[in-house]
Amino acid sequence: MSHKGVLSSKFNMSFGFIPVIISILLYEFITQDISIYIGAGAGVLYSIYTFIERRNRIPHFLLYGTTIMLLLLALVTLVFGNCCPSRMFPLTLEISAIIPAFFIYANRKASIGHRKNHLNKCCKQQLSQGAVSATVSTRVVLIIAIFHFVAIAITLLIAQPLSNTTETILFQVCPPAVFLLSILFNQFGIHFFNRFMEQNIFMPIVNTKGDVVGKCLATDAINKKNTFINPVIRIAVSYDNLLYLQPRSQRCIMDKNKIDIPLECYLLYGETLEQGVERLLTQAFPTSSRKELHFSIMYHFENKDTNRLIYLFLLDIKDEIIIQDSLKEGKLWTLQQIEFNLNKNFFSSCFEYEYDYLKSIICTREKYKEF
């Protein structure tokens, strides 16, 4: 419930090389053809997973290109037998995986420009996110692969004949290392970008009426605690008159590990309340209907740890599976269970204050169902 990174690991498209890594590593223990079949199967399963995943469905262009390449190699192997000499197998897979990566990078603008006008807003955003992420990942892997190919060329020019150790390093160890380094560098880049953005994101300073009177860095909102009033969005989630609650993260600035509603974030400077709510809901429930989102109250909350103007909403989810797919750390509570644990230092301070308002919305909604 604390501020999440701008980018998650889903944007590391280098994970699309995992099927190739699997094939290369398996070749140390099994035959060439079986390792290709298993790698291709892993790519197909991984691709299917990215299609059916409900949350943040971003097209994994590198994964799809890698999977198609492995399927073609599997077909060639099935028809003609081994596709290359034994000691060159890892390098062959590396080159084969670099080809679709290079094609994606070279056509990054044309492929989107040709199709984006035929897509709705959501698909455009997902396609754009996937294309940008794939571009970053392909740039990294191409740079690393170029260093590898240059090293091979230089070694062949100055160190003929090659020793067994040199051959092993260049043709067996380096190919999977190229893809593993790509994954690590991209993951580090995502982490660094998130840390940078956390240091440079601005939040509005408001008065108790919600009027914006200034702005401050996100770090100041956290480190200077109750110096400013910052707006915070909180969204409770209900299903069949039950409230979904979960422990607060250890990274929260207050009420760590206490039970609370699942969705909370700061409103960003220049962002409307509607945009902030949409951003928070898109992260958690990208496919859920916004028709069952109800505004509850706006109230000022201040203690020694924070000073915030809270906008509280209640989202009614019609399908419990949506909650189970998106929220993993908590459970659904009955109103009776909640009331039994109130005022026992069990729930967060904000939830203790908000409960009566949430209960009134739930009970009112249930009452009108009877008519």
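The crossing of helices H3 and H4 is right-handed, and this pair makes a convenient way into the predicted model. Helix H3 spans residues 61–80 and helix H4 spans residues 89–106. Their axes come within 9 Å and cross at roughly 135 degrees. An angle over 145 degrees would count as roughly antiparallel; H3 and H4 are therefore oblique to each other. On the H3 side, the residues that meet H4 are Phe-61, Leu-62, Gly-65, Met-69, Leu-70 and Leu-73. Facing them from H4 are Leu-93, Ser-96, Ala-97, Pro-100, Ala-101 and Ile-104. The residues of this contact divide into 10 nonpolar and 2 polar, with no charged residue among them.

Helix H4 also packs against helix H1, which covers residues 18–26. Here the axes come within 10 Å and cross at roughly 170 degrees. With the limit for this class set at over 145 degrees, H1 and H4 are therefore roughly antiparallel to each other. The contact is formed by Val-20, Ser-23 and Ile-24 of H1 together with Phe-89, Pro-90, Leu-93 and Ala-97 of H4. Its residues comprise 6 nonpolar and 1 polar, and again no charged residue takes part. Readers tracing H4 in the structure will find Leu-93 and Ala-97 in the contact with H1 and also in the contact with H3.

It is helpful to set these helices within the whole chain. The secondary structure comes to 12 helices and 9 strands. Of the 371 residues in the chain, 43% are buried. The accessible surface of the chain is about 19600 Å², and carbon and sulfur atoms account for 63% of that surface. Among contacts between residues at least 6 apart in sequence, 71% join residues at least 24 apart.

A further view of H4 comes from His-148, a residue of helix H6 (residues 121–158). Is His-148 buried or exposed? Buried means under 20% relative accessible area, so His-148, at 4% relative accessibility, counts as buried. Leaving out residues up to four places away in sequence, His-148 touches Leu-91 and Glu-94, and H4 runs over residues 89–106. The other residues touched by His-148 are Leu-170, Cys-174, Pro-175 and Val-178.

Attention now turns to the loops. Lys-318 lies between strand S8 (307–316) and helix H10 (320–326). At 56% relative accessibility, Lys-318 counts as exposed. Setting aside its neighbours within four places in sequence, Lys-318 is in contact with Tyr-239 and Glu-292. Lys-318 and Ser-238 are 80 residues apart in sequence, while their C-alpha atoms are 8.7 Å apart in space.

Two asparagines deserve a look for their backbone angles. Asn-257 has a positive phi of about 70 degrees although it is not a glycine. This residue sits in the loop between strand S4 (242–247) and strand S5 (259–260), and at 43% relative accessibility Asn-257 counts as partly exposed. Asn-345 likewise has a positive phi, near 60 degrees, in a residue other than glycine. The loop that holds Asn-345 joins helix H11 (335–341) and helix H12 (349–369). With a relative accessible area of 58%, Asn-345 is exposed.

Key. Residues numbered from 1 in each chain as written. Predicted model: local features only at pLDDT ≥ 70, side-chain atom pairs only at ≥ 80, totals over all residues. Heavy atoms only, no water. Axes fitted to C-alpha atoms, helices over the stretch in contact; angles between N-to-C directions. Helix = DSSP H or I, 4+ residues; strand = E, 2+ residues; numbered from the N terminus. Parallel < 35°, antiparallel > 145°, perpendicular 65-115°, else oblique. Left-handed = near helix turned anticlockwise from the far one by under 90°. Contact = heavy atoms within 4.5 Å. Nonpolar A, V, L, I, M, F, W, Y, C, P; charged D, E, K, R; others polar. Buried < 20%, exposed > 50% of the residue type's maximum accessible area, 1.4 Å probe, protein only. Areas by Shrake-Rupley, 256 points an atom, 1.4 Å probe, with all protein chains shown as cover.
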